Amino acid sequence: MEPIIHIKDVHKYFGRVQALRGVSLDINKGEVVVIIGPSGSGKSTLLRCINRLEEFDHGQIIVDNIPLDSAENINLVRTEVGMVFQQFNLFPHLSVLDNLTLAQKAVRKRSKKEAEEIAFQLLKKVGIPEKANVFPLQLSGGQQQRVAIARALAMNPKIMLFDEPTSALDPEMIQEVLDVMLDLAKEGMTMVVVSHEMGFARAAANRAILMDEGLIVEEATPDILFTNPTQERTKLFLSKILD
Amino acid sequence: MEHLQTSPTLKPGETFEQQKKKFDRWWFLVFGVILLIIILVFLEPDPYQRIVLFVSDGIGVTVYTTLVSFVLVLIFGLIGGLGRLSKNRIINGLATVYVEVVRGIPLLVQLLFWYFAFPSVIKNFGSTLGIESLANYRADPLLMAILGLTFCYSAYMSEVYRAGIQSISRGQMEAARSLGMSYVQAMRFVILPQALRVILPPVGNEFITLLKDSSLVSVVAVADMTRRGREFMAANFIPVQTWLMIALLYLVLTLVSARIVNWIEKKTRLER
Ligand SMILES: Nc1ncnc2c1ncn2[C@@H]1O[C@H](COP(=O)(O)OP(=O)(O)OP(=O)(O)O)[C@@H](O)[C@H]1O
Ligand SMILES: [Mg+2]
């Protein structure tokens, strides 16, 4: 089977800092991949290269067989790839409903009615249908992140990228967001998740990856990677986050 | 004028809804000044009523010049501001040079340039090339004044826009782009609506400064309030009454503007 995300030997520099030093990774349709690793190891950068929020300097990334060579193709890829950020990044000047319909109307060219129907379905799916007319800053962090997930899903993406979706949340709100993500995984969504939530990784991920200093250090099923890693760097990292 | 703008701040225990409905007490100052003008006009029609009648067309010219220039400034300032933020070196360089040059030259000198020097350049150009219409070019004072004000104030306004856009967190642009929106769509639907709220106070401030600076167009043959005041004084030799009345009329205009800015600011507050 053709991988839906094909990453080959990607290098990325920020000035003199080398954030990625030759990352290769193939992800199949329906796969859930969790990426862990120390701060500054390039996890976010890799995710952001997949939907071209970041340009890279060398290598190749092909998403859903669309070559990323023109501005139109980049926008096309971005509509296929949803992204969820650590800081939610909801549009604070728009109601929850408008947050969900804006890009549907502007990019997918859906009618207001159609966009709103989809929005309401998704709000129901993430468990907050009653918040449609509220403004984002009136919601709790967990609710905001669920709205952000719904906003990305409204574009009918084939792939969802999550960059530490629960790191900015109070502990009691983490599970409600993870539950939404678990549902998505069960439905067969292709997901790339940067997160240190081991419970989620074990329950949902097909593969777990450890990155360090811009490289993929180790790759295995979550159970093996977390309990029986082969690489020293993985052991070191796990011992740090486990206590 | 910042001291008169008195931005709405919340009192402890007050909600935004309550504050939105609350009457803005600074309107009393506006009414006070208007009342003073009315009293003067009725108690001493000579000279005050005569002054007001004489300069009344100038009030219109001042308001018109200010409003037209300001609308243009809002448009060109945005273009300049986006230019200043552009990653394209040429566009960025042009915008920066424009801002720096304009900010380094007094507005009065710029207005004199547009009214006297610019048409003369056009004329020379026309006669050298033998283009009849350009050689006989005559500058319309009002048009040149509006051009001059717009050219100058757009530079200042582009800095206001730039700061406003930069104050919106990068995540907003990234979220919009990651949903597939183009740069223009993201600017239009996500960044600018937020930036405009942020820059409303400085934009209002620019408007009021522009209103006052529009009095400078009186030296380039535009019959605004100030110029009409000078004409009245030249004919009647009563400087104290003339300039008192002109000052009061400007004050009404600026105070009303400040209240309107304040009102818009309250209306467009983000719910949180
Ligand atoms: N916009 C940027 N400009 C300059 N350097 C950057 C930028 N973004 C990331 N970097 C650098 O690139 C490296 C990788 O950063 P990245 O954000 O991908 O790490 P990360 O694994 O996501 O870390 P964290 O767990 O802290 O989020 C770091 O050294 C970081 O300082
Ligand atoms: Mg990161």
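I began with the aromatic rings of this predicted model, and I noted that Tyr98(B), Phe113(B), Trp114(B), Phe118(B) and Phe151(B) form one aromatic cluster. Rings of Phe, Tyr and Trp (its six-membered ring) pair if their centres lie within 6.5 Å, and planes under 30 degrees apart count as stacked, over 60 as edge-to-face and the rest as tilted. Over all chains I found nine aromatic pairs, and one of them, Tyr115(B) with Phe116(B), is edge-to-face, with 4.7 Å from centre to centre and 70° between the planes.

I kept the conditions beside my entries: local features need pLDDT of at least 70, and side-chain atom pairs count only at pLDDT 80 or more, while totals for chains, interfaces and linings use all residues. Residues are numbered from 1 along each chain as its sequence is written, chains are lettered from A and ligands numbered from 1 in the order in which they are written, and side-chain values use heavy atoms, without hydrogens and water.

Next I looked up polar contacts of ligand 1 (pairs of N or O atoms within 3.5 Å; within protein, one must be able to donate a hydrogen and the other to accept it, and residues adjacent in sequence count only if both atoms are side-chain atoms). I saw that an N or O atom in the side chain of Ser39(A) is 2.6 Å from an oxygen atom of ligand 1. For Lys43(A), a polar side-chain atom lies 2.8 Å from a ligand 1 oxygen atom, and for Gly42(A) a backbone N or O atom lies 3.0 Å from an oxygen atom of ligand 1.
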